[in-house]
Amino acid sequence: MARQNDALANFSAATNSEVACSTVAAYLAALQTESSPAFLMIQNVGTEPIYYRLTADASATACAITSGNYSGILAAGDASEDGTGGVMTFAGYTGGISFITSSGTSTVNVAYSGRLGD
């Protein structure tokens, strides 16, 4: 009997990290070295909107609110870690990602998994 989700069956262990975000761009250094994430999910688990930028090198070309230098915005939650913050998922994304807020501080949860054998 075939598995329903063969695409998901080949994931290696998932890694979860929380990144503190403020008006200074932040990025997850570990993701910069991930060879080929099969799965990447980001969720705003804080109370301020978070801007994110997909980029080949998040440490060199960080997210910025000016001039629309971001890829998208994750909506804020009603309270910290209440599950209502914005969520975005990507399949097969191999670059870096950086985050920034327009004011205050917030937190983004980043979950990613490589493929078995990578």
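Of the protein's 118 residues, 36% count as buried. Keep in mind that this is a predicted model, so everything below is a reading of computed coordinates. About 6,200 Å² is exposed, and carbon and sulfur atoms supply 50% of that area.

Now for the layout. There are two helices and eight strands, and going along the sequence they come in the pattern α-β-β-α-β-β-β-β-β-β. Contacts reach far along the chain: if you take those with a separation of 6 or more, 82% are between residues 24 or more positions apart.

A good place to start looking is β7, which covers residues 96–100. How many of its residues are buried? Five of five, so the strand is mostly covered, given that buried means under 20% relative accessible area. Its side chains go both ways: G96, S98 and I100 point to one side, I97 and F99 point to the other, and all of them are buried.

Which strands pair with β7? One is β2, residues 26–27, which runs antiparallel to β7 and is joined to it by two bridges. Here you'll find A26 standing opposite F99. Another is β4, residues 50–55, again antiparallel, with five bridges to β7. In that pairing, Y51 sits opposite I100.

F99 comes up again in the largest nonpolar core, which has 17 residues. F99 is among those with the most contacts inside this core, together with V19, L40, I42, Y52, V108 and V110. The elements that give two or more residues to the core are β1 (15–21), β3, β4, β7 and β8 (106–114). Of these, β8 provides the largest share, three residues.

Let's zoom in on one of those core residues, L40. Leaving out residues up to four places away in sequence, L40 touches L31, M88, T89, F90, Y93, V110, A111 and Y112. One of these, V110, is also on the list of residues with the most contacts inside the core.

Finally, have a look at Q43, which lies in strand β3 (residues 37–44). Is Q43 buried or exposed? Q43 is buried, because its relative accessible area is 16% and the cut-off for buried is under 20%. And what does Q43 touch, once residues up to four places away in sequence are set aside? The list is L74, G83, G85, G86, V87, T107, V108 and N109. V108 is a residue you have already met, as one of those with the most contacts inside the largest nonpolar core.

Methods. Residues are numbered from 1 along each chain as its sequence is written. This is a predicted model: local features need pLDDT of at least 70, side-chain atom pairs count only at pLDDT 80 or more; totals for chains, interfaces and linings use all residues. Side-chain values use heavy atoms; hydrogens and water are left out. Buried means under 20% relative accessible area, exposed over 50%, partly exposed in between (1.4 Å probe, protein chains only). Helices (H or I, at least four residues) and strands (E, at least two) are DSSP runs, numbered from the N terminus. Two strands pair if DSSP finds at least two bridges between them. Contact means heavy atoms within 4.5 Å. Accessible areas come from the Shrake-Rupley method with a 1.4 Å probe; for residues, only the protein chains shown count as cover. A nonpolar core is a set of buried Ala, Val, Leu, Ile, Met, Phe, Trp, Tyr and Cys residues joined through side-chain atoms within 4.5 Å.
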